[in-house]
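Here are a few notes to read alongside the model. I have kept them short and numbered so you can check each one as you go.

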Amino acid sequence: MYAVVGCGECSALWIIEGRSETTQCPRCGKRRGYEKRRKFVETDDEDHAREVRASMLANRQDQGEAFAELDSFAEMEERVDEAGPDDEEYLEASGVDAESVAAADERAEQGAGGSQSRKETVLSALRELDAPDREAVVDYAAERGVPAEYTADALEKLVRRGRATESGGTYRLL
């Protein structure tokens with residue numbers, strides 16, 4: 001279930017997945033109960049929620065007609081691979097060995113154990129630790145080979161995207 005919700009304080013619009021007890025505005029940080037948030041649409045289709053939010057944002061800027069002329073997100077995503085060279089072509093044309101880059105990317109995404117990506121390690125820390133604060137999550141991830149800077153950035157992104165909350169220094173997955 002996806003919902004397009006709005007903030008009564010700063011008028012931000014965002015999409016939340018699932019239904020948590022509380023939500024926090026990614027712009028101003030105002031926390032409210034899920035039931036008290038204004039829900040503009042609730043749907044099982046993420047693309048539909050994205051379309052509604054984008055349409056609302058376009059209308060706010062008097063660009064509703066221009067937005068209506070665009071294809072849907074799903075249609076644009078299908079065509080994105082056709083627009084220009086793919087990553088491998090670009091790297092080869094730049095004189096970079098694409099296979100070496102792919103191997104380096106694979107190594108960079110793996111933690112010390114090789115079984116989880118960096119992001120998965122941060123998510124595991126939030127699931128497994130009791131009342132995880134930033135320091136505890138950074139320590140947990142560092143023990144598994146994830147740099148502290150990456151972990152701090154990942155925590156900020158999870159909160160900003162509504163996948164986690166931070167209250168009183170303690171993080172919780174939504």
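1. Which strands does helix α1 lie across? Helix α1 (residues 46-60) lies across β1, β2 and β5, and runs at about 170° to β2. Axes here are lines fitted to C-alpha atoms, for helices over the stretch in contact, with angles from 0 to 180 degrees between N-to-C directions. Helices (H or I, at least four residues) and strands (E, at least two) are DSSP runs, numbered from the N terminus.

2. Please keep in mind that this is a predicted model, in which local features need pLDDT of at least 70 and side-chain atom pairs count only at pLDDT 80 or more, while totals for chains, interfaces and linings use all residues. Residues are numbered from 1 along each chain as its sequence is written, and side-chain values use heavy atoms, with hydrogens and water left out.

3. Now the sheet. Its 3 strands are arranged in the order β2-β1-β5, as an open sheet with antiparallel pairing; strands count as paired if DSSP finds at least two bridges between them. Because β2 (13-17) and β5 (38-43) are at the edges with a single partner strand each, one side of each is left without a neighbour in the sheet. From one strand to the next, the twist averages 25°. Strand β1 (residues 2-6) pairs with β5 over 5 bridges, and Tyr2 has Thr43 in β5 as its bridge partner.

4. A hairpin comes later in the chain: β6 (residues 164-167) and β7 (residues 170-173) pair antiparallel over 4 bridges. There are 2 residues between these strands, and Gly168 in the turn has a positive phi of about 60°. Across the hairpin, Thr165 stands opposite Arg172 and Ser167 opposite Thr170.

5. On to the interior. The largest nonpolar core (buried Ala, Val, Leu, Ile, Met, Phe, Trp, Tyr and Cys residues joined through side-chain atoms within 4.5 Å; buried means under 20% relative accessible area with a 1.4 Å probe, protein chains only) has 12 residues, including Leu126, Leu158, Ala164 and Tyr171. Helices α6 (118-128), α7 (134-143) and α8 (148-160) each give two or more residues to this core. Another core, of 8 residues, lies apart from it, and Trp14 and Ile16 are among its members.

6. Finally, look at Ala164. Beyond its neighbours within four places in sequence, Ala164 is in contact (heavy atoms within 4.5 Å) with residues including Leu126, Leu158 and Arg172.

Technical notes
Buried means under 20% relative accessible area, exposed over 50%, partly exposed in between (1.4 Å probe, protein chains only).
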